[in-house]
Amino acid sequence: MIRRLLREPLLQFLLIGTGLFLVYEAIDGGRLEAPREIVISEARIEALAENFASVWMRPPTAVELKGLIDDYVAEEVYYREAIAMGLDQDDTVIRRRLRQKMEFISENVADSVEPIEAELQDFLVQNAGKFARPAELSFRQVYLSAERRGDTVRADAERLLAELQAGRGPADPAEAGDTTLLPATMEVASPQQIASAFGEEFARQVDETPVGQWSGPIESTFGVHLVRVDERVAADAPMLVEIRPIVLREWQAEHRRRQNESFLAALRGKYEVRVEGPAAELLAVRDAGSAVR
Amino acid sequence: MKLEARRDRGILALAVVGALLVVAHASRAQTPDVPVRGVVEDTEEVHIPVPAGQPSAQAQAYSPYAGRKYPTRVLWGDTHLHSANSGDAFTTGNRFTPEQTYRIARGEEVISATGLPARLSRPLDFVVLSDHAEGLGLITQVYEGNPALMGDSTIQRWSRMIKAGGTEASSAVTELIGAQATNTLPTVLTDPKVAGPLMMSVWQRAAVMADKYNEPGKFTTLIGFEWTPTPGGDNLHRNVLLRDGQARASQVFPFSSWNSEDPEKLWAWMEAYEQRTGGRALAIPHNGNLSNGRMYAAQAFDGSAITKDYAERRQRWEPVQEIVQMKGASESHPKLSPSDEFLEYGIAGWELGNLTLGGKLTPEMMPTSYVRAGFMRGLEHEAKLGVNPFKSGIIGSSDAHNALPFVEEDNFFGKFPGQEPRADRWKDRSSTGEGEGGAARYTWQYLAAGYAAVWATENTREAVFDAMKRRETYGTSGTRMTVRFFGGYDYTPEDAQSRYMAEVGYSKGVPMGGDLKPAAAGKAPTFLVAAMKDPQGANLDRIQIVKGWLDASGTAQEKVYDVVWSDDRKPGQDGKLPPVGDTVDVARATYANTIGTAELATVWKDPDFKPGQRAFYYARVIEIPTPRWTAYDQVRFGVKMSADVPMKQQERAWTSPIWYSPSI
């Protein structure tokens, strides 16, 4: 349970954050900057110099470094004064940028989490429908064109079906049907593959056909078909070891989504939101909706 | 006050964690040898299981089914799709990551950029994410205000405009495309030292994601990018596809038009890729219709006459080309082929000029702008050089920039987020600029098109790529009809009645994309051609064979033959087949399959064949008229569009040609 909790990314996030905060405090020994003090640490200076070097391919000279520091001080002064004056408050660009930074943090925390096997196993079981292998069919079919045969197509189909069921049809049953580009056989085909060739209606009907005997007639958008399902590989739930990369991929996608949601929900929980005017109703509905979810 | 400071520190600490994780992530992405399952390591030449010529009599007699590993199921895909990693997609509102884009192509429902639930009618079998190599992913860095780029005042301004959204954002995009076309992009964007590492990590992450979503047998993701040179507004774009997984793709950096706008330089990059990684690459040119005569020009990029060496390399690296997409059809122009009555489709608006409308399309440019004309120029070059530079197969694709490759008329989400369903979208002026005399393009002129159909032996990266290399492909305007097309000398009318037409087709000749052998004395080429309607779509009107040939004077000629059609129609005295009819009810946006037919098949023998004349033949299959997306919009939004907006059309497929050359 504790292990599980520890793997909760939001908790991880908070723990790491708190940890770093404490470490920082310990090292810094409470040497907090006074509100009107600007400290340019050696680390900051190094960063400024490095940034310069990455652009100009050489370290800054002493004069240039002084310029960089002056510029940084100016930036810091402006920044603090601007915040104090509330200039950040109504600036869409700043608000969006900050929001994006928060989303970025959330996304990257989610990405960095690797599930343990038991979690993947649980995810596979809970989402069995998503990972199930659909039933696959191997079948033969004889096609009768309604367009070419007109009114007799049903009767033709019934007659041919009786022959095939009695074992009296041609050696190659397809010879009894009409010419078509539709495949005479499909082997171990998924419902999606069958639908792609014959259309959804046919795929649904052939799935309900008994194994080992000629059946039909069933209809498609092309015409009328007699079918013989030779094999039905039942739908099954694959083991984790068989499809681990796919389960992992789906777990990560789901995890990322949930992580982003819960991160926002946790932060949002700190606030009471009050909407004024007629739109208040809209929010009430939305909140009810999210509570249900 | 102290507490305040403490809280700030706490937040700072959180930010530090975030930053560390970001760095950790980025460094992970830059490691090229992340082991990923499903990466194919073999580079052996793949043996094409299709019989190349006629099997020996003995083989036929003893084992009629032994060679039966030819492609039995056509695969549907899009080789031209953009995620948020493309600058122009992102700036116009596309926020779909590569991962989300793959999910959309697999058929999952999403909420579109403009807030509409959106889903493909049927999943695709394969997809290529072809994000622009130019500034790949960089625009997100511009948007996010990456300090490495913000030193440039133009980029700062663009960043602000994009964030402002709306018209400001689209102006930024127009500026950006313009700057690219005129080589005036801020240098920091094209500086490999600054932009390189950023783009490399975007490319590598996208490649890792492609591997994650590649499921052999079910859904194929090919790694690729779009090379986007637009000199003077002329479209020379190519999509580059790799046969390989991220282990190879990550070793290289996509080639962009910032490196060079010369196609020969792109081919050199592809060759270097193959040598360095042992992988394979191909390129797909598109939108000759917007190239103002440059796509099939007789000159190389530097203006020199094309050579045999150029022809060989172009044929090798560009085995297929895109004939249709949302920005119009490139088959031919009514002025080029006046006797062809099916060329109105996808012409309006796109014929005005090049991509940016920076130059008018003149009649002199047409013979080197369109695909069919390109095939004809290819014969002319072949006669002189011994090699055909434009021997390229055919596919279609979408070029959707909103990550929604939806090209069915009743489910069209436009090319850009700004063109997603909306009552008045049809009359918006396109942002591609304005030409002379106020020439402009409008949203209604965009096509809900197209798809790539590939006769691959299985649904894998390798098989899809190899099918494109042998040009066994066709393109459609968005319909998923099945088309078979074979050429040889021995097809007989009964072959079109065979229950095993594909087997007959492969055993007695070559499939689409192939070469006919020289004709024996007294023999003329025969073609086995068959088509079957989309299971969810409209009936078929007719199959045509388009022939181009070089006449005795060395001039290329063209002719369209109706070879098989529905409803027992008889050609009139002028030799023209009467129209199939029209069941479209524009007021309700419906049609009925009471005309046309579900399947057509025939064997056609060229009645005008001359053994000494080189030629090409491709099949075009035409559906009965159906409502256009504009008609669905009128019904769903209760609007009335102006009289010049077409409300119906005939969807179609074009196969790769089969070529005949007396010298082969």
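In what order do the four strands of the open sheet in chain B stand? The order is S14-S13-S16-S19, and the pairing is antiparallel. Strand S14 (510-511) and strand S19 (599-605) of chain B stand at the edges. Each has a single partner strand, so one side of each is left without a neighbour in the sheet. The model described here is predicted.

Within this sheet, strand S16 (residues 526-532) of chain B pairs with S19(B) over seven bridges. The sense of that pairing is antiparallel. One position on S16(B) and S19(B) can be named: Ala601(B) in S19(B) stands opposite Ala530(B). A helix accompanies the sheet. Helix H15 (residues 501-508) of chain B lies across strand S13 (482-488), S14, S16 and S19 of chain B. The angle between H15(B) and S13(B) is about 30°.

Strand pairing of another sense also occurs in chain B. Strand S8 (residues 320-325) and S10(B) run parallel and are joined by four bridges. Val320(B) has Gly393(B), in S10(B), as its bridge partner. In general, strands of a sheet pair through backbone hydrogen bonds, in either the parallel or the antiparallel sense. Strand S10 (residues 393-396) of chain B is covered on both faces. On one side, Gly393(B) and Ile395(B) are buried. On the other side, Ile394(B) and Gly396(B) are buried as well. Gly393(B) is thus named twice, as a buried residue and as the bridge partner of Val320(B).

Helix H14 (residues 461-469) of chain B is mostly covered, with seven of its nine residues buried. The buried residues of H14(B) are Arg461(B), Ala463(B), Val464(B), Phe465(B), Asp466(B), Ala467(B) and Met468(B). Arg471(B) comes just after H14(B). The phi angle of Arg471(B) is positive, at about 60°.

These elements belong to a chain of 664 residues, of which 55% count as buried. Chain B contains 16 helices and 24 strands. Its contacts can also be sorted by sequence separation. Among those between residues at least 6 apart in sequence, 74% join residues at least 24 apart.

Chain A has 13 helices and four strands. Of its 293 residues, 16% are buried. For contacts in chain A with a separation of 6 or more, residues 24 or more positions apart account for 64%.

One helix pair of chain A was examined. Helix H6 (residues 117-126) and helix H12 (residues 240-268) of chain A pack at an angle of about 90°. Their axes are 10 Å apart. H6(A) and H12(A) are therefore roughly perpendicular to each other. From H6(A), the residues in contact are Leu120(A), Gln121(A), Phe123(A) and Leu124(A). They meet Leu240(A), Val247(A), Leu248(A) and Trp251(A) in H12(A). By class, this contact has seven nonpolar residues, one polar residue and no charged residues.

A further position in chain A is Glu75(A), in helix H4 (residues 62-84). Is Glu75(A) buried or exposed? Glu75(A) counts as exposed, because it has 10 C-beta neighbours inside 10 Å, and the cut-off for exposure is 12 or fewer. Arg58(A) lies 17 residues from Glu75(A) along the chain. The C-alpha atoms of Glu75(A) and Arg58(A) are separated by 24 Å.

Technical notes. Residues are numbered from 1 along each chain as its sequence is written. Chains are lettered from A and ligands numbered from 1 in the order in which they are written. This is a predicted model: local features need pLDDT of at least 70, side-chain atom pairs count only at pLDDT 80 or more; totals for chains, interfaces and linings use all residues. A residue is buried if 20 or more other C-beta atoms lie within 10 Å of its own, exposed if 12 or fewer, and partly exposed in between; C-beta atoms are placed from the backbone. Helices (H or I, at least four residues) and strands (E, at least two) are DSSP runs, numbered from the N terminus. Two residues are in contact if their C-beta atoms, placed from the backbone, lie within 7 Å. Two strands pair if DSSP finds at least two bridges between them. Axes are lines fitted to C-alpha atoms, for helices over the stretch in contact, and angles run from 0 to 180 degrees between N-to-C directions. Angles under 35 degrees count as roughly parallel, over 145 as roughly antiparallel, 65 to 115 as roughly perpendicular and the rest as oblique. Ala, Val, Leu, Ile, Met, Phe, Trp, Tyr, Cys and Pro count as nonpolar, Asp, Glu, Lys and Arg as charged, and the others, Gly among them, as polar.
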